[in-house]
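Subject: Structure handover

Hello,

Here is the structure I promised to pass on. My notes follow below it.

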Amino acid sequence: MDYGQPGGSWGIPPAAKIATGFVFTFGALRYNGFDLLFDPAGWVLCASGLSQLQRSLDDPFSRARSTTAVMACVSFIAMIASAEYSGPSQGISPITITQLIGIANTLGALIAVWLIAEAIIRRIRPCGDISGAARLDVLRWAVAVLGVLGMLAGYGYADLGPVTAIAWFATLVALIVVLYRSAHSPYLSPTWEAPVRESAGTADEGRPPGAD
């Protein structure tokens, strides 16, 4: 695939792809009971954006990309399981399996969001964007903590009312807005390369003889 243009094959910046992926994954637009925002498609968009930002096989973007690829499969299984067992209960086993898949899907999504934010923070903080990194750090903690609390409340382990869900949704929207606003940052460009540090030999070239 040709990523010669700054935004990739479709001219969309990688951070905008990730933000749009979050919209597909966490948003809902239903028509006749069918969610038009296909969750696996959202994770594929995230993986596409992360692959453009990846610079090596062991950098944070690589780990985040692998997680989103796994989540594309998990969310697809969760979608099928939810549709398969959405009818009247015929025993405890299908309900239990569906709940376990749902828990795995929710926790996996929160982990993926955390790893994506971590990768971006580790990219922009050394480049001098301290405020942007701090903002993302706060938002990822809020999304993770409120998401876990909301999951516990959803399964009846806590009675937190609608406030937690509203707060989680608000922080997620804020995170998406931050990603869209940073989409054209030079540090999040697919053509960005880390500055090469001068070696000791290069630094010593300008020193006069006998200065050691």
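On one side of helix α6, Pro162, Val163, Ile166 and Arg181 are exposed (over 50% relative accessible area; buried is under 20%, partly exposed in between; 1.4 Å probe, protein chains only). On the other side are buried residues: Thr164, Trp168, Thr171, Leu172, Leu175, Ile176, Val178 and Leu179. Viewed down the α6 axis, the buried set falls within an arc of 160°, so these residues line one face of the helix. The arc is taken from the directions from the helix axis to the C-beta atoms.

The length of α6 also checks out. The helix has 20 residues, 162–181, and at 1.5 Å a residue should span 28 Å; the end C-alpha atoms lie 29 Å apart, which agrees. The expected span is 1.5 Å times one less than the number of residues.

A word on provenance. This is a predicted model: local features need pLDDT of at least 70, side-chain atom pairs count only at pLDDT 80 or more, and totals for chains, interfaces and linings use all residues. Residues are numbered from 1 along each chain as its sequence is written, and side-chain values use heavy atoms, with hydrogens and water left out.

Now the charged pairs. How many salt bridges does a search of the whole structure find? It finds 2 (a side-chain nitrogen of Lys or Arg within 4 Å of a carboxyl oxygen of Asp or Glu).

- Arg140 with Glu118: the closest N and O atoms are 2.5 Å apart. This pair links distant parts of the chain, with Arg140 in α5 (residues 130–154) and Glu118 in α4 (residues 92–124), 22 residues apart.
- Arg140 with Asp137: 2.7 Å, N to O. The two are 3 residues apart in α5, so about one helical turn separates them.

Shared partners join Glu118, Asp137 and Arg140 into one network. Arg140 has 9% relative accessibility, so it counts as buried. Glu118, at 21%, counts as partly exposed. Asp137, at 22%, is also classed as partly exposed.

Finally, the overall picture. The protein has 7 helices and 2 strands, in the order α-β-β-α-α-α-α-α-α. These are DSSP runs, numbered from the N terminus: helices are H or I, at least four residues, and strands are E, at least two. Of the 212 residues, 36% are buried. Among contacts (heavy atoms within 4.5 Å) between residues at least 6 apart in sequence, 67% join residues at least 24 apart.

Best wishes
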